[in-house]
Amino acid sequence: MNARTFLLLCVGAAVIGLLAFFAAPGKQTAKTEAQGPMLAGLDINAVTKLHITDGDDNIPLSLAEGVWSLEGLTGLPVDQGKVRAFLLSLGSITIADVKTDNPALHDAVGLGDDAVRIDLGDKGILLGKDASGGGRFGRRMGEDQSYVVRQVTRPQTDIKSWLKLDMPTIPAETVTKVETVIGGDAYTIEKDADGKPVLLGLGEDEALAYDTVLETVIGGAVYIDYESVRLAEGLNWANADTSVFHGAQEGDTVRYSVAKDDDELLWLKADPGGTLAPEGGLDWARYAFEISDYRRGALIKPRTELLAAPDPESDPE
């Protein structure tokens, strides 16, 4: 091979290389973007909107006057530190690999209608299925290009997780009386001079189900967990079952009311009084908290559950 032929071959190879470079922008993009941030230039101090959607679950957070709140549930105390920590985590999401930019393939990796959407207003991320080699499929909102991303903090999509809120309760040792109305049946448990709970109006032919059954009622409001929150308006509270717990200090009470919605879900409304309702505190009556049937049973027990089953052998013939 002479020098002229060698030179021509080198020039040809260079031309082919340049053509390949411009004909395959996706691969060059992969090399450029891999290991880079998914949300380059994200300034969390400028973010005023954080909407997280996962199926029917929706967390609509917005910032006003330096305070994050839940849209539609303004007044509930959002965990400000948690919101900031989550925004910081979004800035840490990195691209591990560049995948398809074909929208027809998005559903296969969970980046279609079923994607988890994290909307920051002017930008955002869609998260899909876990990738086989680690990480998770993702794409930027408004873009078709998909990636495998890492350093992803899975967003929590239950309202409770974003709140810094405990239900008002009264310690069992300070409860003096519990008044319950359930299904039109009313009863009262009151502590005697020795601090022992007594079921008022207990008949001579009635007996308690077990020795500490009244203590379980007294302690029913020590801790109250909940699943979700909504506005109390729109539920039928007129026929709600209620229990009123009285504390040792005059005026300290919490009235718990339970109502069902159209889907048979149980919702609890708490109405504290006395020192449990400080001036300027949360307007508890505005909100209803979804609770389990177990929690409802701990707070509001039918009178029949306090009593032992009648002994059929003791019935007169």
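This report walks through the strands, the salt bridges and one buried serine of the structure above.

Keep in mind that this is a predicted model, where local features need pLDDT of at least 70 and side-chain atom pairs count only at pLDDT 80 or more, while totals for chains, interfaces and linings use all residues. Residues are numbered from 1 along each chain as its sequence is written, and side-chain values use heavy atoms, with hydrogens and water left out.

**The open sheet**

Let's start with the strands. Here, strands (E, at least two residues) are DSSP runs, numbered from the N terminus, and two of them pair if DSSP finds at least two bridges between them. In general, the strands of a sheet pair through backbone hydrogen bonds, either parallel or antiparallel.

In this model, 8 strands make up an open sheet with antiparallel pairing, and their order is β3-β2-β1-β5-β6-β7-β8-β4. At the edges sit β3 (67–70) and β4 (94–98), each of which pairs on one side only. On average, neighbouring strands of this sheet are turned by 25 degrees against each other, direction ignored; the axes behind such angles are lines fitted to C-alpha atoms.

Zoom in on one pair: β6 (residues 124–130) and β7 (residues 136–140) run antiparallel and share 4 bridges. Leu 127 has Gly 138 of β7 as its bridge partner.

**Two hairpins**

Further along the chain, β9 pairs with β10 (residues 185–191) in the antiparallel sense over 6 bridges. Glu 179 stands opposite Thr 188 in β10. The hairpin of β9 and β10 has 2 residues between the strands, and Gly 183 takes a positive phi near 60 degrees there.

Next, β10 also pairs with β11 (residues 197–199), again antiparallel, over 3 bridges. Across this pair, Ile 189 stands opposite Leu 199 in β11. The hairpin of β10 and β11 has 5 residues between the strands, and in this hairpin Gly 195 has a positive phi near 80 degrees.

**Salt bridges**

How many salt bridges does the structure hold? There are 8, where a salt bridge is a side-chain nitrogen of Lys or Arg within 4 Å of a carboxyl oxygen of Asp or Glu. Among them are these:

| Acidic residue | Basic residue | N to O distance |
|---|---|---|
| Asp 119 | Lys 49 | 3.2 Å |
| Asp 130 | Arg 154 | 2.4 Å |
| Glu 143 | Arg 140 | 3.4 Å |

The pair of Asp 119 and Lys 49 links distant parts of the chain: Asp 119 lies in β5 (residues 116–119) and Lys 49 in β1 (residues 49–54), 70 residues apart. The pair of Asp 130 and Arg 154 also links distant parts, with Asp 130 in β6 and Arg 154 in the loop between β8 (146–150) and β9 (175–182), 24 residues apart.

Are these side chains buried or exposed? Buried means under 20% relative accessible area, exposed means over 50%, and partly exposed is in between (1.4 Å probe, protein chains only). Asp 119 counts as buried because its relative accessibility is 17%, while Lys 49, at 27%, is partly exposed. Asp 130 is partly exposed at 47%, and Arg 154 is partly exposed at 48%. Glu 143 is partly exposed too, at 33%, but Arg 140 is buried at 15%.

**A buried serine**

Finally, visit Ser 69, which is found in strand β3. Ser 69 counts as buried because its relative accessible area is 15%. Which residues does Ser 69 contact, leaving aside neighbours within four places in sequence? With contact meaning heavy atoms within 4.5 Å, they are Pro 60, Leu 61, Ser 62, Thr 74 and Val 78.

Key: Axes are lines fitted to C-alpha atoms, for helices over the stretch in contact, and angles run from 0 to 180 degrees between N-to-C directions.
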